[in-house]
Amino acid sequence: MQKRFIRLIAVVLTMLICFSAGSLSAFAADSAAKMSVVVEPVTAKPGDTVQVNINLRNNPGITSLKLLVHYDQYVTLKSVSFNSAFGAYVTAPEPYRNPQPLNMISPLNEISANGNFATLTFAVSQNAPANHYSDITLSYDPDDIFDGDYDNVDTKIVNGYIKIAGGISPKEGTNTVVDDENKYIYGLDPNFKNIKDYIDYSSDDVRTVPTSNGLGTGTLVQTIVNGEVEETYTVIIYGDVNGDGKYDGRDAVKVDCIVKGSLTEKNIGKAAYLAADCNNDGEIDNTDVDILNRAGALLAQIDQSKPKEEQMRTDAYQEYINLIDQTPEKQSDDNQEETNRNFFQKIGDFFRKIINWLKSVVRKVTSK
């Protein structure tokens, strides 16, 4: 009976090892074999001129590469430049059109360069809608990408985009942050007087709608187009929970009520609730109450624009970005590839745990 059990365990171990090793090696081989052509995503404002890079990765050596670049009506192709590492026979026929051909031919030798292949310069329309994604996509005929032996080179395309920034953007030289997705503006100075000192805007005008207590957390910033409100943003000043533009003991009382549960986000509103997290650690607690009490006694200041590099060095950073900086970016195929890789890694880890467990069972059985 014991021998049969050991044989069964051995068969299961062998199957698990073969399956896990085969699956992971096949995935790794498939990922490594493909050359990738990647369009880098960028962000621009209406009226901007912006450069979009097209890059090559895992180039095994090619003598021909022909691509078609597609784009939408909100951007116009103005120029194309090529990396000299890809030889002298690279062309982008003019006048430019949509889709725009990009051609490379190297009749005498294979080119194995990686990195930037071409840089495309686009003009963004003044009429481009805020937060719009102008997709920059590539297509190709498999017979147009081949090596020195005229064998087709298996190629993966990773498309990109030009994200059109919102109607307002941070003014250069300030600490202003504009959260286009959630429509918040933060990084302003307490007791600010004029929002135009902190932002640039592509609309006709911007106007502020103060809270009942003045210019502070909860103040609305509206972009105006043709006399009408186009978009509305809300100001957040950390520590200023009552919306008067200052942080002091009166705010400490409100934050203390939040900590004790007598005030909730529903009671005071989303903006005030975010402002109550004075130290940006993702939690509203007695530390925030203490900061406000000290600030009221002129013993402390609240940082309105803690650098992200500093936040990323703390465990609370993930919680912080979930609360404040929640602007989603389009997921690229690169991100999907990384997700797949992590999935297979988890499968491998799972099988390794099973194998280690089975080994321990075998050792216990054989030691009896």
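**Figure 1. Arg250 and Asp248 meet in a salt bridge.** In this predicted model, the side chains of Arg250 and Asp248 come together at 3.2 Å, N to O. The two partners differ in cover. Arg250 counts as exposed, at 53% relative accessibility. Asp248 counts as buried, at 13%. Why does Arg250 count as exposed? Its relative accessibility is 53%, and the exposed class takes values over 50%. Asp248, at 13%, falls under the 20% limit for buried residues. In general, side chains of opposite charge can pair when their charged atoms come close.

**Figure 2. Lys246 and Asp244 form a salt bridge.** The N to O distance here is 3.8 Å. A salt bridge needs these atoms within 4 Å, so the pair at 3.8 Å qualifies. Lys246 is partly exposed, with a relative accessible area of 33%. Asp244 is buried, with a relative accessible area of 11%.

**Figure 3. Lys260 and Asp256 are joined by a salt bridge within helix 2.** Helix 2 covers residues 249-260. Lys260 and Asp256 lie four residues apart in this helix, about one turn. Their side chains meet at 3.0 Å, N to O. Is Lys260 buried or exposed? Lys260 counts as exposed, at 65% relative accessibility. Asp256 counts as partly exposed, at 21%. Asp256 is not in the buried class because 21% is not under 20%. Elsewhere, salt bridges that share partners link Asp244, Lys246, Asp248 and Arg250 into one network. The structure holds eight salt bridges.

**Figure 4. Strand 1 is mostly covered.** This strand spans residues 35-39. How many of its residues are buried? Five of its five are. Met35, Val37 and Val39 point one way from the strand. Ser36 and Val38 point the other way. Residues on both sides are buried.

**Figure 5. Strand 1 pairs with strand 10 and is joined to strand 3.** Which strand pairs with strand 1 in the parallel sense? Strand 10, residues 155-158, does so over four bridges. One place to look is Val38, whose bridge partner in strand 10 is Val158. Strand 3 covers residues 49-57. Four bridges join strand 3 to strand 1, and these two run antiparallel. Here, Val39 stands opposite Ile54 of strand 3.

**Figure 6. The largest nonpolar core has 37 residues.** Ile54, Leu102, Phe117, Leu120, Phe122 and Ile162 have the most contacts inside this core. Strand 8 gives the most to the core, with five residues. Ile54 also appears in the previous view, opposite Val39.

**Figure 7. Leu102 touches residues from several parts of the sequence.** Residues up to four places away in sequence are not counted here. Among the contacts of Leu102 are Ile54, Phe117 and Leu120. These three are also named with Leu102 as having the most contacts inside the largest nonpolar core. Other residues touched by Leu102 include Leu65, Leu67, Val69, Val80 and Phe82. Lys66 and Thr91 are on the list too. Across the chain, contacts between residues at least 6 apart in sequence were also counted. Of these, 69% join residues at least 24 apart.

**Figure 8. Ala113 sits in a loop, yet is buried.** Where is Ala113? Its place is in the loop between strand 7 (100-105) and strand 8 (115-124). Its relative accessible area is 17%. Residues under 20% count as buried, which means that Ala113 belongs to that class. Leaving aside its neighbours within four places in sequence, Ala113 is in contact with Leu56, Asn59, Ala85 and Phe86. Leu56 is 57 residues away along the chain, but the C-alpha atoms of Leu56 and Ala113 are separated by 7.8 Å.

**Figure 9. Cys257 and Cys278 differ in cover.** Cys257 counts as partly exposed, at 24% relative accessibility. Cys278 is buried, with a relative accessible area of 3%. How many disulfides does the whole structure hold? The search finds zero.

**Figure 10. The whole chain gives the setting for the close-ups.** The chain has 368 residues, and 40% of them count as buried. There are eight helices and 18 strands. The chain exposes about 19,600 Å². Carbon and sulfur atoms supply 50% of that area.

Note on methods
Residues numbered from 1 in each chain as written. Predicted model: local features only at pLDDT ≥ 70, side-chain atom pairs only at ≥ 80, totals over all residues. Heavy atoms only, no water. Buried < 20%, exposed > 50% of the residue type's maximum accessible area, 1.4 Å probe, protein only. Contact = heavy atoms within 4.5 Å. Areas by Shrake-Rupley, 256 points an atom, 1.4 Å probe, with all protein chains shown as cover. Core = buried A, V, L, I, M, F, W, Y, C linked by side-chain atoms within 4.5 Å. Disulfide = S-S within 2.5 Å. Pairing = 2+ DSSP bridges.
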